[in-house]
Amino acid sequence: MPTTTPIDRAMNSRNFFFGFAAVITGVAAWSIWGGDMFPQGAEPKGDPRNWTEEEMRAWLDARGLFPGQAATKEELLARVEANLHAPRT
(Lines give C-alpha, C1' and ligand atoms only; values in the text may rest on other atoms or scores of the structure.)
Protein backbone atom coordinates (compact mmCIF):
# COMPACT_ATOMS: atom_id res chain seq x y z
CA MET A 1 0.00 0.00 0.00
CA PRO A 2 1.51 3.34 -1.00
CA THR A 3 2.06 5.87 1.73
CA THR A 4 0.41 9.25 1.44
CA THR A 5 2.33 12.46 1.81
CA PRO A 6 1.03 15.67 3.39
CA ILE A 7 0.59 17.12 -0.10
CA ASP A 8 -1.54 14.13 -1.13
CA ARG A 9 -3.73 14.57 1.92
CA ALA A 10 -4.07 18.35 1.28
CA MET A 11 -5.07 17.80 -2.35
CA ASN A 12 -7.78 15.34 -1.29
CA SER A 13 -9.04 17.63 1.46
CA ARG A 14 -12.40 19.39 1.29
CA ASN A 15 -10.80 22.46 2.84
CA PHE A 16 -8.52 22.83 -0.15
CA PHE A 17 -11.49 22.58 -2.53
CA PHE A 18 -13.58 25.13 -0.62
CA GLY A 19 -10.63 27.50 -0.27
CA PHE A 20 -9.97 27.34 -3.99
CA ALA A 21 -13.68 27.86 -4.75
CA ALA A 22 -13.72 30.92 -2.44
CA VAL A 23 -10.76 32.46 -4.25
CA ILE A 24 -12.37 31.91 -7.66
CA THR A 25 -15.68 33.36 -6.39
CA GLY A 26 -13.91 36.42 -5.01
CA VAL A 27 -12.07 37.07 -8.26
CA ALA A 28 -15.30 36.70 -10.23
CA ALA A 29 -17.14 39.13 -7.91
CA TRP A 30 -14.34 41.66 -8.21
CA SER A 31 -14.29 41.47 -12.01
CA ILE A 32 -18.08 41.71 -12.32
CA TRP A 33 -18.87 44.38 -9.71
CA GLY A 34 -15.37 45.83 -9.21
CA GLY A 35 -15.78 49.59 -8.97
CA ASP A 36 -19.47 49.55 -8.07
CA MET A 37 -19.42 47.12 -5.18
CA PHE A 38 -15.89 47.94 -4.02
CA PRO A 39 -15.54 51.69 -4.65
CA GLN A 40 -12.22 53.43 -4.68
CA GLY A 41 -11.73 56.73 -2.89
CA ALA A 42 -13.77 59.61 -4.25
CA GLU A 43 -11.95 61.84 -6.69
CA PRO A 44 -11.74 65.51 -5.88
CA LYS A 45 -14.11 67.72 -7.85
CA GLY A 46 -13.92 71.32 -8.96
CA ASP A 47 -10.97 73.58 -9.57
CA PRO A 48 -7.60 71.89 -8.84
CA ARG A 49 -6.34 75.18 -7.40
CA ASN A 50 -8.69 74.59 -4.44
CA TRP A 51 -7.57 70.99 -3.81
CA THR A 52 -5.37 70.08 -0.88
CA GLU A 53 -1.90 68.74 -1.45
CA GLU A 54 -3.08 65.24 -0.43
CA GLU A 55 -5.93 65.38 -2.96
CA MET A 56 -3.50 66.34 -5.74
CA ARG A 57 -1.15 63.50 -4.79
CA ALA A 58 -4.04 61.00 -4.72
CA TRP A 59 -5.32 62.23 -8.10
CA LEU A 60 -1.87 61.90 -9.68
CA ASP A 61 -1.27 58.52 -8.04
CA ALA A 62 -4.60 57.15 -9.34
CA ARG A 63 -3.43 57.91 -12.88
CA GLY A 64 0.02 56.39 -12.49
CA LEU A 65 1.71 59.81 -12.46
CA PHE A 66 3.51 59.13 -9.19
CA PRO A 67 4.39 62.50 -7.65
CA GLY A 68 7.72 62.91 -5.95
CA GLN A 69 7.73 63.25 -2.17
CA ALA A 70 9.63 66.54 -2.40
CA ALA A 71 7.21 68.16 -4.88
CA THR A 72 5.72 71.44 -3.74
CA LYS A 73 2.03 72.28 -3.96
CA GLU A 74 2.73 74.52 -6.97
CA GLU A 75 4.58 71.71 -8.77
CA LEU A 76 1.75 69.29 -8.03
CA LEU A 77 -0.81 71.81 -9.31
CA ALA A 78 1.15 72.31 -12.53
CA ARG A 79 1.31 68.55 -13.08
CA VAL A 80 -2.41 68.09 -12.35
CA GLU A 81 -3.37 70.89 -14.74
CA ALA A 82 -1.08 69.47 -17.45
CA ASN A 83 -2.77 66.07 -17.18
CA LEU A 84 -6.31 67.17 -16.32
CA HIS A 85 -7.81 66.54 -19.75
CA ALA A 86 -5.63 63.57 -20.70
CA PRO A 87 -7.51 60.27 -21.02
CA ARG A 88 -7.25 58.06 -17.95
CA THR A 89 -5.26 54.86 -18.48
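Trainee: Which residues make up the largest nonpolar core?

Mentor: In this predicted model, the largest nonpolar core has nine residues: Trp51, Met56, Trp59, Leu60, Leu65, Ala71, Leu76, Leu77 and Val80. Helix H3 (53-62) and helix H4 (73-83) each supply at least two residues of this core.

Trainee: What makes a set of residues a nonpolar core?

Mentor: The members must be buried residues of the nonpolar kinds, joined through side-chain atoms within 4.5 Å. Val80 is one of the nine residues of the largest core. Setting aside neighbours within four places in sequence, Val80 is in contact with Pro48, Trp51, Met56, Trp59 and Leu60.

Trainee: Let's look at Arg57, which lies in helix H3. Why does Arg57 count as buried or exposed?

Mentor: Set the value against the cut-off. Buried means under 20% relative accessible area, and Arg57 has 19%, so Arg57 counts as buried.

Trainee: Which residues does Arg57 touch, not counting those up to four places away in sequence?

Mentor: Arg57 touches Pro67, Gly68, Gln69, Ala71 and Leu76.

Trainee: Why is Thr52 called partly exposed?

Mentor: The relative accessible area of Thr52 is 36%. Buried needs a value under 20% and exposed a value over 50%, so Thr52, at 36%, is in between and counts as partly exposed. Thr52 sits in the loop between helix H2 (14-37) and H3. Its C-alpha atom is separated by 8.3 Å from that of Lys73, and the two residues are 21 residues apart along the chain.

Trainee: Asn50 is also placed in the loop between H2 and H3. How do you know whether Asn50 is buried or exposed?

Mentor: Asn50 has 64% relative accessibility. Exposed means over 50%, so Asn50 counts as exposed. From C-alpha to C-alpha, Asn50 and Leu77 are 9.7 Å apart in space, with their places 27 residues apart in sequence.

Trainee: On to the rings. How many aromatic pairs does the structure hold?

Mentor: There are two aromatic pairs. One of them joins Phe17 and Phe18, whose ring centres are 5.3 Å apart and whose planes are at 65 degrees.

Trainee: What makes the pair of Phe17 and Phe18 edge-to-face?

Mentor: Centres must lie within 6.5 Å for rings to pair, and planes over 60 degrees apart count as edge-to-face. The centres are 5.3 Å apart and the planes are at 65 degrees, so the pair is edge-to-face. Phe17 counts as exposed at 52% relative accessibility, and Phe18 counts as exposed at 53%.

Trainee: Why is the pair of Trp51 and Trp59 called tilted?

Mentor: Trp51 and Trp59 are 6.1 Å apart, centre to centre, with 50 degrees between the planes. Planes under 30 degrees apart would be stacked and over 60 edge-to-face, so 50 degrees makes this pair tilted. Trp51 and Trp59 are both buried.

Trainee: Last topic: the helices. What makes H3 oblique to H4?

Mentor: The axes of H3 and H4 come within 10 Å and cross at roughly 40 degrees. That crossing makes H3 oblique to H4, because angles under 35 degrees count as roughly parallel and those from 65 to 115 as roughly perpendicular. The crossing is left-handed. Where the helices meet, Glu53, Met56, Arg57, Trp59 and Leu60 in H3 face Lys73, Leu76, Leu77, Arg79, Val80 and Asn83 in H4 through contacts.

Trainee: And how many helices and strands does the protein chain have?

Mentor: The protein chain has four helices and zero strands. Of its 89 residues, 18% count as buried.

Key:
Residues are numbered from 1 along each chain as its sequence is written. This is a predicted model: local features need pLDDT of at least 70, side-chain atom pairs count only at pLDDT 80 or more; totals for chains, interfaces and linings use all residues. Side-chain values use heavy atoms; hydrogens and water are left out. Buried means under 20% relative accessible area, exposed over 50%, partly exposed in between (1.4 Å probe, protein chains only). Contact means heavy atoms within 4.5 Å. Rings of Phe, Tyr and Trp (its six-membered ring) pair if their centres lie within 6.5 Å; planes under 30 degrees apart count as stacked, over 60 as edge-to-face and the rest as tilted. Axes are lines fitted to C-alpha atoms, for helices over the stretch in contact, and angles run from 0 to 180 degrees between N-to-C directions. Angles under 35 degrees count as roughly parallel, over 145 as roughly antiparallel, 65 to 115 as roughly perpendicular and the rest as oblique. A crossing is left-handed if the near helix is turned anticlockwise from the far one by less than a right angle, and right-handed if clockwise.
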